[in-house]
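Here's a quick tour for anyone about to load this one into a viewer. Have the sequence and the coordinates side by side, and we'll walk through how the pieces pack.

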Amino acid sequence: MTTGQHTEPETGPGDDERLPSLAEQMADQLGGWRGLVESSIPVVVFVVANVLGELRPAVIASVAVALLIAGLRLAQRKPVRHAVNGLFGVAIGAAIAWRTGDERDFYLPGILYGIGYGLALLLSAAIRQPLVGWIWSVLVAKGRSEWRDDPRLVRTFTQLTVLWGVVWLAKVGVQAGLYLAHQDTALGVARLALGYPPYALLLLITVWAVRRVTRETAPTTPLPGA
């Protein structure tokens, strides 16, 4: 009787799962150009309809557009995460504005969310559990958190978390000021202008900073996603 050796197939670096590039990470978080446009359309519709007409038609129009976008995504079997998030935000603001009869209140949930998110970011940095680092682990590094063992990465993620928190509170502060000043149209414009542009810039800085530190500390075994 003869026996043979069982040999495992050789694998090379090319067989490993490819990590997403910087552009792919940015596109995933922003939903691509389509995600950017679709998330902004309901707010644009509300602002324009409210300027040209009355509050309730503007509320109905913005919610209807958000529902249409989500429905089209489902019909085309496209990812609906960004559409659903946009629909949820629009629906809450629309419901409050409808109930109070004050168009400013359409933007109130976003303002309150921004304040809470900014404070949570700063608090997480203060207790040395930077929220940006944990979000990176979930969204980019597939649940891995080796960065906690690297003092330079912990410091980098802490600094990035502070940056995110300060920018978030600054932009929501502008919106809150316009809200309190009853500048309804300007508030709508600020909601659009201070939405994705700062977010995209912060995301770009984050990915660049993490990649730079990772390559300097361990060029042969980079942090997942970096």
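## Starting from one loop residue

Leaving out neighbours within four places in sequence, Gln-129 is in contact with Ser-124, Trp-134 and Arg-148. One caveat before going further: this is a predicted model. Gln-129 sits in the loop between H5 and H6, and with a relative accessible area of 32% it is partly exposed. Its partner Arg-148 is 19 residues away along the chain, and the C-alpha atoms of Gln-129 and Arg-148 are separated by 9.0 Å.

Arg-128 belongs to that loop too, which links helix H5 (108-126) and helix H6 (131-139). Its backbone is worth a look: Arg-128 has a positive phi of about 65°, although it is not a glycine. For context, most residues other than glycine have a negative phi. Arg-128 has a relative accessible area of 45%, so it is partly exposed.

A second positive phi turns up at His-182, where the value is near 60° and the residue is again something other than glycine. His-182 is in the loop between H7 and H8.

## The overall picture

Zooming out, what does the chain contain in the way of helices and strands? There are nine helices and zero strands, so to speak a plain run of α-α-α-α-α-α-α-α-α when read along the sequence. The chain has 226 residues, and buried ones make up 36% of them. Of the contacts with a separation of 6 or more, 70% come from residues 24 or more positions apart. On the outside, the chain exposes about 13100 Å², with carbon and sulfur atoms supplying 65% of that area.

## How H7 packs against other helices

H7 (residues 151-180) appears in three helix pairs here, with H5, H6 and H8 as partners. The table sets out their geometry and the classes of the contact residues.

| Helix pair | Axis separation | Crossing angle | Contact residues by class |
|---|---|---|---|
| H5 and H7 | within 8 Å | roughly 155° | 16 nonpolar, eight polar, no charged |
| H6 and H7 | 7 Å | about 105° | six nonpolar, two polar, no charged |
| H7 and H8 | within 9 Å | roughly 165° | five nonpolar, one polar, one charged |

Start with H5 and H7. Their axes cross at roughly 155°, which makes H5 roughly antiparallel to H7. The crossing of H5 and H7 is left-handed. The H5 side of the contact includes Gly-110, Gly-114 and Gly-118, while the H7 side includes Gly-165, Trp-164 and Trp-168. Gln-175 and Tyr-179 of H7 are also among the residues that meet H5.

How are H6 and H7 oriented relative to each other? The two pack at an angle of about 105°, and that makes H6 roughly perpendicular to H7. Leu-131, Val-132, Gly-133 and Trp-136 of H6 make the contact with Phe-157, Leu-160, Thr-161 and Trp-164 of H7. Trp-164 is worth selecting in the viewer, as it is listed in the H6 contact and also in the H5 contact.

Then there's H8 (residues 184-193), whose axis crosses that of H7 at roughly 165°. H7 and H8 are therefore roughly antiparallel to each other, and their crossing is left-handed. From H7, the contact uses Gln-175, Leu-178 and Tyr-179; from H8, it uses Ala-186, Leu-187, Ala-190 and Arg-191.

## Gln-175 and Pro-57

Is Gln-175 buried or exposed? This H7 residue has a relative accessible area of 7%, under the 20% cut-off, so it counts as buried. Not counting residues up to four places away in sequence, Gln-175 touches Ile-111, Leu-187, Ala-190, Arg-191 and Leu-194. Of these, Ile-111 is listed on the H5 side of the contact with H7, while Leu-187, Ala-190 and Arg-191 are on the H8 side of the other one.

Elsewhere in the chain, Pro-57 lies in helix H3 (residues 55-75). Pro-57 is partly exposed, at 46% relative accessibility. The C-alpha atoms of Pro-57 and Trp-98 are separated by 10.0 Å, with their positions 41 residues apart along the chain.

Note on methods. Residues numbered from 1 in each chain as written. Predicted model: local features only at pLDDT ≥ 70, side-chain atom pairs only at ≥ 80, totals over all residues. Heavy atoms only, no water. Axes fitted to C-alpha atoms, helices over the stretch in contact; angles between N-to-C directions. Helix = DSSP H or I, 4+ residues; strand = E, 2+ residues; numbered from the N terminus. Parallel < 35°, antiparallel > 145°, perpendicular 65-115°, else oblique. Left-handed = near helix turned anticlockwise from the far one by under 90°. Contact = heavy atoms within 4.5 Å. Nonpolar A, V, L, I, M, F, W, Y, C, P; charged D, E, K, R; others polar. Buried < 20%, exposed > 50% of the residue type's maximum accessible area, 1.4 Å probe, protein only. Areas by Shrake-Rupley, 256 points an atom, 1.4 Å probe, with all protein chains shown as cover.
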